[in-house]
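Reader: I've got a chain on my screen and a handful of things I'd like to ask about it. Could you take me through it?

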Amino acid sequence: MDDEIERIKAEVEDAASDPAAQQEWIRQSNLMYGGLGAAGLVVVQPFLTVKPLDLTATICVVAFAVSIPLLAALLVLNLQEEYRRRVTRSRLVSFAKAIAQGSAFVGVTAAFWHISMIAGIVFVLVAFFAVGVHSSGYMQLEYDGTFRSRFPRRKP
């Protein structure tokens with residue numbers, strides 16, 4: 001059992017150190033951070049002139065106040081990662097990614113909820129389904145049924 005865990009861990013590390021995989025992660029991150037930042041700017045605009053804001057609008061605005069600067073910083077960092085052709089392993093960056101993406105998700109959810117509670121609920125449910133779709137597709141593309149990656153095994 002421990003040997004199997006170590007083997008899988010080694011394969012994941014091999015995959016994470018693959019330069020082609022890192023370039024693809026950078027490309028996908030650019031798309032995601034740019035899209036979320038642009039969506040945040042568009043969604044927040046109507047609330048700039050409305051006072052007072054109700055609870056859902058306030059949550060939306062605050063969530064995007066957190067995510068937009070972080071997403072912008074991550075986009076700029078991605079340019080450096082592209083230049084160096086590798087991704088950073090900084091824990092602070094990993095934390096910022098989680099906060100930026102999570103707060104953008106909260107902001108979009110609150111915006112839909114502001115329009116309609118049903119729309120907010122549907123958005124959350126479909127978003128979780130979409131994560132499952134992405135995960136399933138990714139795993140199908142990158143790994144076979146025994147979790148052996150497309151990378152060669154390390155020799156003991």
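What follows is a run of questions and answers about this predicted model.

Reader: Let's start with the overall picture. How many helices and strands does the protein chain have?
Author: Reading along the sequence, you go through the pattern α-α-α-α-α. The secondary structure therefore comes to 5 helices, in DSSP runs, and the count of strands is 0.

Reader: What share of the residues in the protein chain is buried?
Author: The exposed surface of the protein chain is about 10700 Å², with carbon and sulfur atoms supplying 68% of it. To count as buried, a residue has to be under 20% relative accessible area. Among the 156 residues, the buried share is 28%.

Reader: And of the contacts with a separation of 6 or more, what part comes from residues 24 or more positions apart?
Author: Contact here means heavy atoms within 4.5 Å. Take the contacts in the chain with a separation of 6 or more, and the part from residues 24 or more positions apart is 70%.

Reader: Now the helix pairs. Are α2 and α4 parallel, perpendicular or oblique to each other?
Author: Helix α2 covers residues 19–44, and its axis comes within 10 Å of that of α4, crossing at roughly 40°. Angles under 35 degrees count as roughly parallel and 65 to 115 as roughly perpendicular. The α2 and α4 pair fits neither group, so the word for it is oblique.

Reader: Which residues of α4 make that contact with α2?
Author: The crossing of α2 past α4 is left-handed. On the α2 side you'll find M32, Y33, L36 and V43, and on the α4 side K97, Q101, A104 and A111.

Reader: How many nonpolar residues are there in the contact of α2 with α4?
Author: By class, there is 1 charged residue and 1 polar residue in this contact. The nonpolar residues number 6.

Reader: What about α3 and α4: at what angle do their axes cross?
Author: Helix α3 spans residues 55–84, and α3 passes α4 in a left-handed crossing. The residues of this contact divide into 20 nonpolar, 5 polar and 1 charged. The two axes come within 7 Å and cross at roughly 145°.

Reader: Zooming in on α4, is T109 buried or exposed?
Author: T109 sits in helix α4, residues 91–115. Leaving aside neighbours within four places in sequence, T109 is in contact with G120, F123 and V124. Its relative accessibility is 11%, and the cut-off is under 20%, so T109 counts as buried.

Reader: Which residues does I99 touch, not counting those up to four places away in sequence?
Author: I99 is also part of helix α4. With a relative accessible area of 32%, I99 is partly exposed. I99 and V66 are 33 residues apart in sequence, yet 8.0 Å apart in space, C-alpha to C-alpha. The residues I99 touches are V66 and L70.

Reader: On to the loops. Where is P52, and what sort of peptide bond joins K51 and P52?
Author: P52 has its place in the loop between α2 and α3. Omega for the bond from K51 to P52 is about -10°, and the bond is cis.

Reader: Last one: is R85 buried or exposed?
Author: R85 is found in the loop between α3 and α4. R85 isn't a glycine, although its phi is positive, about 60°. A residue counts as exposed at over 50% relative accessible area. R85 has 60%, so R85 is exposed.

Conventions
Residues are numbered from 1 along each chain as its sequence is written. This is a predicted model: local features need pLDDT of at least 70, side-chain atom pairs count only at pLDDT 80 or more; totals for chains, interfaces and linings use all residues. Side-chain values use heavy atoms; hydrogens and water are left out. Helices (H or I, at least four residues) and strands (E, at least two) are DSSP runs, numbered from the N terminus. Buried means under 20% relative accessible area, exposed over 50%, partly exposed in between (1.4 Å probe, protein chains only). Accessible areas come from the Shrake-Rupley method with a 1.4 Å probe; for residues, only the protein chains shown count as cover. Axes are lines fitted to C-alpha atoms, for helices over the stretch in contact, and angles run from 0 to 180 degrees between N-to-C directions. Angles under 35 degrees count as roughly parallel, over 145 as roughly antiparallel, 65 to 115 as roughly perpendicular and the rest as oblique. A crossing is left-handed if the near helix is turned anticlockwise from the far one by less than a right angle, and right-handed if clockwise. Ala, Val, Leu, Ile, Met, Phe, Trp, Tyr, Cys and Pro count as nonpolar, Asp, Glu, Lys and Arg as charged, and the others, Gly among them, as polar.
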